[in-house]
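Hi there,

Here is the structure I promised to pass on. Please have a look at it, and then read on for what turned up.

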Amino acid sequence: DVGAQRLTAGLRHSSNLQCLNLSINRISDDGAIAIGSLIPRMKRLKMLVLSRNMIGDQGAAGVAEGLATQTSSVVLLDLSSNRISDLGAKLVGKMLQQNGGLQKLFLHSNKFKLEGERALMTGIKQNVLLNELDVYLFPNEDGNSEDHMENMSTTQEGSTTFSINDSERSSITRSTAMSTPSSTLTTSDAKDQIQ
């Protein structure tokens with residue numbers, strides 16, 4: 001995290017950076033908080049990739065705080081393969097309600113479950129620009145994968161991509177590609193479907 005903090009200190013004056021990929025760097029909460037504090041200052045940053053690190057709930061909160069402004073230019077956030085639990089997913093869901101530009105969010109292979117997944121879907125209700133959300137659907141007590149976003153079941157474990165249609169947010173439909181191990185859910189307004 002000392003490295004991430006030093007990097008953020010050096011990036012404070014960088015105005016042209018468009019992609020910051022710090023995956024597989026053992027960044028934990030302190031580093032993620034430092035990176036999150038930079039987001040509002042980096043007016044041209046489009047992609048922030050922090051996958052495969054050690055970011056937990058506090059780090060997710062720091063990044064979410066940086067993105068929770070209408071001035072954030074980030075359109076892609078990848079926090080996959082970290083240590084984010086239900087609390088962190090709730091904070092990211094809250095950020096989705098306030099963020100004015102995020103279009104793609106990758107959160108698969110974290111530690112959140114039903115409560116976190118529901119918080120994310122609640123955030124989607126308010127975010128009209130988000131058009132892709134990648135999460136992991138955990139198996140239920142019976143060992144089956146369960147789509148906790150409306151109790152739709154899926155027989156495939158793994159990453160699920162929700163493609164969100166901004167113009168119609170009134171139903172959730174599921175289409176499964178038979179040749180791939182992931183499911184694709186097309187969401188058109190989770191407002192009527194998510195409680």
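**A mostly covered helix**

Let me start with helix α3, residues 57–67, which is mostly covered: eight of its 11 residues are buried. Those buried positions are Asp 57, Gly 59, Ala 60, Gly 62, Val 63, Ala 64, Gly 66 and Leu 67. The elements that cover them include α2, β2 (47–49), β3 and α4.

One of the buried residues, Ala 60, also gives a handy distance to check on your screen. Its C-alpha is 9.7 Å from the C-alpha of Ser 28, although 32 residues separate the two in sequence. Ser 28 itself sits in the loop between β1 and α2. Leaving aside residues up to four places away in sequence, Ser 28 touches Asp 1, Met 54 and Ile 55. Its relative accessible area is 22%, so Ser 28 is partly exposed, the cut-off for buried being under 20%.

**The chain as a whole, and where to be careful**

Please keep in mind that this is a predicted model. The mean pLDDT of the chain is 75, and 69% of the residues reach 70 or more. In residues 142–159 the pLDDT is below 50, and this stretch has 59 contacts in the model beyond near neighbours in sequence. The pLDDT is also below 50 over residues 166–195, where the model has 84 contacts beyond near neighbours in sequence. Where pLDDT is low, the predicted coordinates should not be read in detail, so please treat those contacts with that in mind.

In overall make-up, the chain has five helices and 10 strands. It has 195 residues, and 49% of them count as buried. Among contacts in the chain with a separation of 6 or more, 72% are between residues 24 or more positions apart. The chain exposes about 9,300 Å², and carbon and sulfur atoms supply 46% of that area.

**A buried acid**

Which charged side chain is nearest to Asp 78 among those of opposite charge? That would be Arg 52, but it is 9.3 Å away, and Asp 78 is buried with no salt bridge. For a salt bridge, the nitrogen would have to be within 4 Å of a carboxyl oxygen. What Asp 78 does have is a polar contact of 2.6 Å with Ser 80, side chain to side chain.

To find Asp 78, look in strand β3, which covers residues 76–78. Not counting residues up to four places away in sequence, Asp 78 touches Leu 48, Val 49, Leu 50, Ser 51 and Phe 106. Strand β3 also appeared above, among the elements that cover the buried residues of α3.

**Two salt bridges**

How many salt bridges does the model hold? The count comes to two. Side chains of opposite charge can pair when their charged atoms come close.

- Glu 115 and Lys 90 meet through their side chains at 2.2 Å, N to O. This pair links distant parts of the chain, with Glu 115 in helix α5 and Lys 90 in helix α4 (residues 86–98), 25 residues apart. Glu 115 is partly exposed, with a relative accessible area of 43%, and Lys 90 is partly exposed at 36%.
- Lys 104 and Glu 132 meet through their side chains at 3.6 Å, N to O. Here too the pair links distant parts of the chain: Lys 104 is in strand β4 and Glu 132 is in strand β5 (residues 132–137), 28 residues apart. With a relative accessible area of 32%, Lys 104 counts as partly exposed.

**Two loop residues with positive phi**

Finally, there are two backbone angles to look at. Ile 24 is not a glycine, yet its phi is positive, at about 55°. Ile 24 lies in the loop between β1 (19–21) and α2 (29–38), the loop that also holds Ser 28. Is Ile 24 buried or exposed? Its relative accessibility is 55%, so Ile 24 counts as exposed, the cut-off being over 50%.

Ser 109 is the other one, with a positive phi near 60° in a residue other than glycine. Ser 109 lies in the loop between β4 (104–106) and α5 (114–126). At 39% relative accessibility, Ser 109 counts as partly exposed.

Happy browsing, and best wishes!

How values were computed
Residues numbered from 1 in each chain as written. Predicted model: local features only at pLDDT ≥ 70, side-chain atom pairs only at ≥ 80, totals over all residues. Heavy atoms only, no water. Helix = DSSP H or I, 4+ residues; strand = E, 2+ residues; numbered from the N terminus. Buried < 20%, exposed > 50% of the residue type's maximum accessible area, 1.4 Å probe, protein only. Lys, Arg positive; Asp, Glu negative; His and termini not counted. Polar contact = N/O pair within 3.5 Å; in protein donor to acceptor, adjacent residues only side chain to side chain. Contact = heavy atoms within 4.5 Å. pLDDT = per-residue confidence, 0-100. Areas by Shrake-Rupley, 256 points an atom, 1.4 Å probe, with all protein chains shown as cover.
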